Amino acid sequence: MNRKRVTHTATERRLARLPSGSDISVTVHRYEGSPGPTVYVQAAQHGIELNGTAALRRLHDHLTSTEIAGTVLVVPIANPRAFDHRSYVTPHALDAVNSNMNRVWPGDDDGTLQERSARRLWYLVEGADAVIDLHTGSADMLEHVRFQDDDSEALAEAFGSEYLLVDAAEENAPDRDFRGKLRTAAARAGIPAITPELSNSRRVDHSAVQRGATGIRNVLRKMNVLDGVPDTPVTRTVFRSDGDCIRAEDSGLFEPRPDIEVGDRVSPETTLGSIYSPATFEELQTVTARESGIVYSLTRESVVAAGEKLADVAEIV
Ligand SMILES: [Zn+2]
């Protein structure tokens, strides 16, 4: 394929108007080479998920010194208000109805502030041939890449993570929350999309940033935007989540079993830890896995309230 030296532009894109009259806008980078596919990449829909944004700076350095076929559109901070507030979601003062940006895709021109913002980005997404939506989990989550359909699976494999998580079929999880994620909205529109969940929210973690930058380059190779073939791991585990996590049945202190870690395989009735009353020392719940699978998140934040998520175990496909 005939590739061309990249032409780079960075422009401001207005997403919505704030109550004060000032705008919410984002920076959109456009890297253009010879004719080819368009790939849309964004990070920081959730304001504390910084490693995607940091990975995009590495990608910028690479793309501006190479040749590509196609166009790469990059939005380093998709949700600047959440980022500025160092918060996971958009401040409730700006959108009490839809504070989580990753629940409103493809957005709405006449909707709430969050829906309008997503819509303005969706106009970029809908012209793309592939979407990468960079997220990070907590330190208690196994790094993985999420996808929904076969076309997206090829991109997820190319990204190069050792763990891939396939969403339950949409008909089995028809709730609005699930349907409003960028990757599911893109899949409905026929655009392959992946959600890499890199390690460690709230801080820039050098190794997660490197894996993010390498993963994006791998996907761009898979799309023939960049020269070369994806560099992917020898072993790969695909697991499926039905979105049904293990929750606290009572409030108290949670102690995970010291020898259990994310990535471990468990079977039904494997003990994951226990909740007890810190006042009386009474054990309130022996927390067990309900099915066989892989532990892909296990909370280390010990104070838990009834109903709170403790762990996710997903079936290995
Ligand atoms: Zn996120």
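Student: Contact means heavy atoms within 4.5 Å. With that settled, take contacts in the chain between residues at least 6 apart in sequence: what percentage join residues at least 24 apart?

Tutor: The figure is 69%. Keep in mind that this is a predicted model.

Student: Noted. How many helices and strands does the chain have?

Tutor: Seven helices and 18 strands.

Student: And the overall dimensions? What box do the C-alpha atoms fill?

Tutor: Roughly 65 × 50 × 35 Å, taken along the principal axes.

Student: How does the radius of gyration compare with that of a compact globule?

Tutor: It agrees. For 317 residues, a compact globule would have a radius near 20 Å, and the chain has 20 Å.

Student: What percentage of the residues count as buried?

Tutor: 55% of the 317.

Student: Let's talk helix packing. How do α4 and α7 pack?

Tutor: Helix α4 covers residues 150-159 and helix α7 covers 206-222. Their axes are 7 Å apart, at an angle of about 130°. That makes α4 oblique to α7.

Student: Why oblique, and not roughly antiparallel?

Tutor: Roughly antiparallel needs an angle over 145 degrees, and roughly perpendicular runs from 65 to 115, so about 130° falls in the oblique class.

Student: Is the crossing of α4 and α7 left-handed or right-handed?

Tutor: Right-handed.

Student: Which residues of α4 and α7 meet?

Tutor: From α4, Ala154, Leu155, Ala158 and Phe159. From α7, they meet Arg211, Gly212, Gly215, Ile216, Asn218, Val219 and Lys222. By class, the contact of α4 with α7 has six nonpolar, three polar and two charged residues.

Student: α1 packs with α7 too. At what angle?

Tutor: About 55°, with the axes 8 Å apart. Helix α1 is residues 51-63. The two are therefore oblique to each other. Their crossing is right-handed.

Student: Who makes that contact between α1 and α7?

Tutor: On the α1 side, Asn51, Ala54, Ala55, Leu56, Arg58, Leu59, His62 and Leu63. On the α7 side, His206, Ala208, Val209, Gln210, Gly212, Ala213, Ile216, Arg217 and Leu220. The contact of α1 with α7 divides into 10 nonpolar, five polar and two charged residues.

Student: Where does valine 204 sit?

Tutor: In the loop between β9 (193-198) and α7.

Student: Buried or exposed, that valine 204?

Tutor: Exposed. Its relative accessibility is 52%, and the cut-off for exposed is over 50%.

Student: What does valine 204 touch, leaving out residues up to four places away in sequence?

Tutor: Leu50, Asn51, Ala54 and Val209. Two of these names came up earlier on the α1 side of the α1 and α7 contact, namely Asn51 and Ala54. Val209 is on the α7 side of that contact.

Student: How far is valine 204 from valine 166?

Tutor: 27 Å between C-alpha atoms, with their positions 38 residues apart along the chain.

Student: New topic: backbone oddities. Which peptide bond is cis?

Tutor: The one from tryptophan 105 to proline 106, with omega near 10°. Proline 106 is in the loop between α2 (80-84) and α3 (113-125). Most peptide bonds are trans.

Student: What about phi? Which residue in the loop between β4 and α1 has a positive value?

Tutor: Alanine 44, with phi near 60°. The loop there runs between β4 (34-43) and α1. Arginine 86 also has a positive phi, about 50°, although it is not a glycine. Most residues other than glycine have a negative phi.

Student: Alanine 44 and arginine 86: which is buried and which is exposed?

Tutor: Alanine 44 is buried, at 0% relative accessible area. Arginine 86 is exposed, at 69%. Arginine 86 is in the loop between α2 and α3.

Student: And in α3 itself, is glutamate 115 buried or exposed?

Tutor: Glutamate 115 is buried, with a relative accessible area of 15%. The cut-off for buried is under 20%. From glutamate 115 to valine 26 is 15 Å, C-alpha to C-alpha, and they are 89 residues apart in sequence.

Student: Last one. Where is valine 238, and what does it touch?

Tutor: Valine 238 lies in strand β10, residues 237-241. Residues up to four places away aside, valine 238 touches Phe147, Leu164, Val166, Glu315, Ile316 and Val317. Its C-alpha atom is 11 Å from that of glycine 293, 55 residues apart along the chain.

Methods. Residues numbered from 1 in each chain as written. Predicted model: local features only at pLDDT ≥ 70, side-chain atom pairs only at ≥ 80, totals over all residues. Heavy atoms only, no water. Axes fitted to C-alpha atoms, helices over the stretch in contact; angles between N-to-C directions. Helix = DSSP H or I, 4+ residues; strand = E, 2+ residues; numbered from the N terminus. Parallel < 35°, antiparallel > 145°, perpendicular 65-115°, else oblique. Left-handed = near helix turned anticlockwise from the far one by under 90°. Nonpolar A, V, L, I, M, F, W, Y, C, P; charged D, E, K, R; others polar. Rg over C-alpha atoms; globule rule 2.2 N^0.38 Å. Buried < 20%, exposed > 50% of the residue type's maximum accessible area, 1.4 Å probe, protein only.
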